[in-house]
Amino acid sequence: IGYPSTDASVEALTDTYLQPAMAQCRQEGCRVIHMVAHSLGAIMIRQYLQARQLPVGSRIVMLSPPNQGSEVVDVLGPYFFYRWIMGPAGQQLGTAPESLPNRLMPVDGQIGIITGNYSWNLILSTMIPGTDDGKVSVESAKLEGMKDFIVLPVSHTFIMKNKAVIEQTLSFLETGAFNVNDRSP
């Protein structure tokens, strides 16, 4: 589903866009609901699952999720231009203990995470410790209770269009694991 990521808080976006879509799936009798989300979308899924559960057998693939926040928000968040461009939800994604990603409880479900270790944005990468995809560090993508985790040579912005990412996503949705033969070191 699409949503205006810069218009509202994560909670409001989740209630306005994700919750109705999930309600429709349930009304149509879906016995399994698989979800794939990029970046902020993964935090919306976690927000949704704070008070709900997916049907047994459902799987989630998160692409470059800021599950522990992003240092880019920590550095740029105080500046007007960042707040103006990223909106309320973007302000919630820092790494402080009180940030939304760090306040959310672990969620119950089969979760696979794919993140990148390639950045074409060297300015943003200087704000991020360790290996990153240009917006989120590899370490910040990890989530307590995740079932599988893989790092591929892709950037944050275009991860969802990468052929290997698409293949790994399908593998996880079908089997509950990423393809061990296609993992990068």
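The legends below describe close-up views of a predicted model.

**Figure 1. Helix α2 is largely enclosed by the rest of the structure.** Helix α2 covers residues 40-48, and nine of its nine residues are buried, so the helix is largely enclosed. The buried residues are Leu-40, Gly-41, Ala-42, Ile-43, Met-44, Ile-45, Arg-46, Gln-47 and Tyr-48. The list therefore includes Arg-46 and Gln-47, each of which has under 20% relative accessible area, the cut-off for a buried residue. The elements against which these buried residues pack include the helices α1 (10-27), α4 (80-91) and α5 (100-103). The strands β1 (35-38) and β2 (59-63) also pack against the buried residues of α2.

**Figure 2. Strand β1 runs parallel to strand β2.** Four bridges join the two strands. Within this pairing, Val-36 stands opposite Val-61 of β2. Strand β1 has two faces: Met-35 and Ala-37 make up the covered face, whereas Val-36 and His-38 make up the uncovered one. Val-36 thus belongs to the uncovered face of β1, and its partner across the pairing is Val-61.

**Figure 3. Cys-25 and Cys-30 are shown in a structure with zero disulfides.** The search that gives this result covers the whole structure. Cys-25 is in no disulfide, and its nearest cysteine sulfur, that of Cys-30, is 4.4 Å away. Cys-30 is likewise in no disulfide, the nearest cysteine sulfur being that of Cys-25. The two sulfur atoms do not count as a disulfide because a disulfide requires them to be within 2.5 Å, while the separation here is 4.4 Å. With a relative accessibility of 23%, Cys-25 is classed as partly exposed. Cys-30 is also classed as partly exposed, with a value of 31%.

**Figure 4. A nonpolar patch lies on the surface.** Six residues form the patch: Tyr-79, Phe-80, Phe-81, Trp-84, Ile-85 and Met-86. Together they have about 720 Å² of accessible area. Ile-85, one of these residues, is found in helix α4. Its relative accessible area is 47%, so Ile-85 counts as partly exposed.

**Figure 5. Ser-137 is a buried residue in a loop.** The loop in question lies between α6 (122-125) and α7 (138-141). Ser-137 counts as buried because its relative accessibility is 4%. When its neighbours within four places in sequence are left aside, Ser-137 is in contact with Glu-71, Ile-128, Pro-129, Thr-131 and Asp-132.

**Figure 6. The whole structure contains two salt bridges.** In one of them, the side chains of Lys-142 and Glu-139 meet, with an N to O distance of 3.0 Å. Lys-142 is partly exposed, its relative accessible area being 26%. In the other, Lys-163 pairs with Glu-167, and the closest N and O atoms are 3.8 Å apart. Both Lys-163 and Glu-167 lie in helix α8 (residues 163-175), four residues apart, or about one turn of the helix. In an α-helix there are 3.6 residues a turn, so residues three or four places apart point the same way. Lys-163 counts as exposed because its relative accessibility is 63%, whereas Glu-167, at 41%, counts as partly exposed.

Conventions:
Residues are numbered from 1 along each chain as its sequence is written. This is a predicted model: local features need pLDDT of at least 70, side-chain atom pairs count only at pLDDT 80 or more; totals for chains, interfaces and linings use all residues. Side-chain values use heavy atoms; hydrogens and water are left out. Buried means under 20% relative accessible area, exposed over 50%, partly exposed in between (1.4 Å probe, protein chains only). Contact means heavy atoms within 4.5 Å. Patches are made of residues with over 30% relative accessible area and no salt bridge: like charges are joined within 9 Å, nonpolar side chains (Val, Leu, Ile, Met, Phe, Trp, Tyr) within 5 Å. Accessible areas come from the Shrake-Rupley method with a 1.4 Å probe; for residues, only the protein chains shown count as cover. A salt bridge is a side-chain nitrogen of Lys or Arg within 4 Å of a carboxyl oxygen of Asp or Glu. Two strands pair if DSSP finds at least two bridges between them.
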